[in-house]
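Trainee: Hi, I have a new model open and would love some company while I look through it. Can we chat it over?

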Amino acid sequence: MPQPNFEYKRALALGDKAFEALVTTKILEIVPEAKLAWTNYTLFLKTSDGNMQRVTTYLASTYGMDNIDINQVGEEYAIDFM
């Protein structure tokens with residue numbers, strides 16, 4: 001299972017806002033037109049299914065699938081980090 005890289009470990013150590021900012025930046029690099037928002041430590045992402053596959057691949061390779069939970073909620077995706 002992949003281990004979070006140093007950049008993510010550092011962001012986690014700096015607190016929730018730093019982690020949210022890092023994840024937001026990385027996802028917007030992958031899908032610049034994505035609409036996203038954080039609510040209670042859950043990232044809500046509105047994008048196409050194809051773009052979501054790219055985001056899922058990135059998150060899985062960075063965190064491992066055991067460390068994230070992705071669910072479709074209406075027209076957007078809810079991503080929880082564990």
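Mentor: Happy to. Let's settle one term before we start: a residue is buried when its relative accessible area is under 20%, exposed when it is over 50%, and partly exposed in between. Also keep in mind that this is a predicted model.

Trainee: Okay, so is asparagine 40 buried or exposed?

Mentor: Asparagine 40 has a relative accessibility of 67%, so it counts as exposed.

Trainee: And where does asparagine 40 sit?

Mentor: Asparagine 40 is in the loop between E1 and E2. Its backbone is worth a look too: phi is positive, about 50°, although asparagine 40 is not a glycine.

Trainee: Why would I care about the sign of phi?

Mentor: Most residues other than glycine have a negative phi. In this model, tyrosine 41 also has a positive phi, near 70°.

Trainee: Where is tyrosine 41, then, and is it buried or exposed?

Mentor: Tyrosine 41 lies in the loop between E1 and E2. With 54% relative accessibility, tyrosine 41 counts as exposed.

Trainee: Let me zoom out. What elements does the chain have?

Mentor: There are 3 helices and 4 strands. Starting at the N terminus, they follow the order α-α-β-β-α-β-β.

Trainee: How are the strands arranged in the sheet?

Mentor: They make an open sheet of 4 strands in the order E1-E2-E4-E3, and the pairing is antiparallel. Strand E1 (35-39) and strand E3 (68-73) are at the edges with a single partner strand each, so one side of each has no neighbour in the sheet. On average, neighbouring strands are turned by 20° against each other, direction ignored.

Trainee: What holds paired strands together in general?

Mentor: Strands of a sheet pair through backbone hydrogen bonds.

Trainee: How many bridges are there between E1 and E2?

Mentor: E1 and strand E2 (residues 42-46) share 5 bridges, in the antiparallel sense. For a concrete pair, look at tryptophan 38, whose bridge partner in E2 is leucine 43.

Trainee: And the other end of the sheet, how many bridges between E3 and E4?

Mentor: E3 and E4 run antiparallel and are joined by 6 bridges. They form a hairpin with 2 residues between them, and glycine 74 in that turn has a positive phi of about 65°. Valine 73 has glutamate 76 in E4 as its bridge partner.

Trainee: While I'm there, glutamine 72: buried or exposed?

Mentor: Glutamine 72, in strand E3, is exposed, with a relative accessible area of 51%. Its C-alpha is 9.4 Å from that of phenylalanine 44, with their positions 28 residues apart in sequence.

Trainee: Now the helices. Which strands does H2 lie across?

Mentor: Helix H2 (residues 16-30) lies across E1, E2 and strand E4 (76-81), and runs at about 165° to E1. Helix H3 (residues 49-63) lies across E2, E3 and E4, at about 5° to E4.

Trainee: I clicked on glutamate 20. Is it buried or exposed?

Mentor: Glutamate 20 is buried, at 12% relative accessible area. Its place is in helix H2. Leaving aside neighbours within four places in sequence, glutamate 20 is in contact with Trp38 and Tyr41. You have met both already: Trp38 bridges to leucine 43, and Tyr41 is in the loop between E1 and E2.

Trainee: What comes after H2, say at proline 32?

Mentor: Proline 32 lies in the loop between H2 and E1, and counts as exposed at 58% relative accessibility.

Trainee: What about the overall size of the chain?

Mentor: Along its principal axes, the C-alpha trace spans about 30 × 25 × 20 Å. A compact globule of 82 residues would have a radius of gyration near 12 Å, and the chain agrees with that at 12 Å. Of the 82 residues, 37% count as buried.

Trainee: Last one: which element has the lowest mean pLDDT?

Mentor: That is helix H1 (residues 6-14), with a mean of 71, while E2 has the highest at 96. The chain averages 86, and 90% of the residues score at least 70. As a general habit, where pLDDT is low, the predicted coordinates should not be read in detail.

Technical notes. Residues numbered from 1 in each chain as written. Predicted model: local features only at pLDDT ≥ 70, side-chain atom pairs only at ≥ 80, totals over all residues. Heavy atoms only, no water. Pairing = 2+ DSSP bridges. Axes fitted to C-alpha atoms, helices over the stretch in contact; angles between N-to-C directions. Contact = heavy atoms within 4.5 Å. Rg over C-alpha atoms; globule rule 2.2 N^0.38 Å. Buried < 20%, exposed > 50% of the residue type's maximum accessible area, 1.4 Å probe, protein only. pLDDT = per-residue confidence, 0-100.
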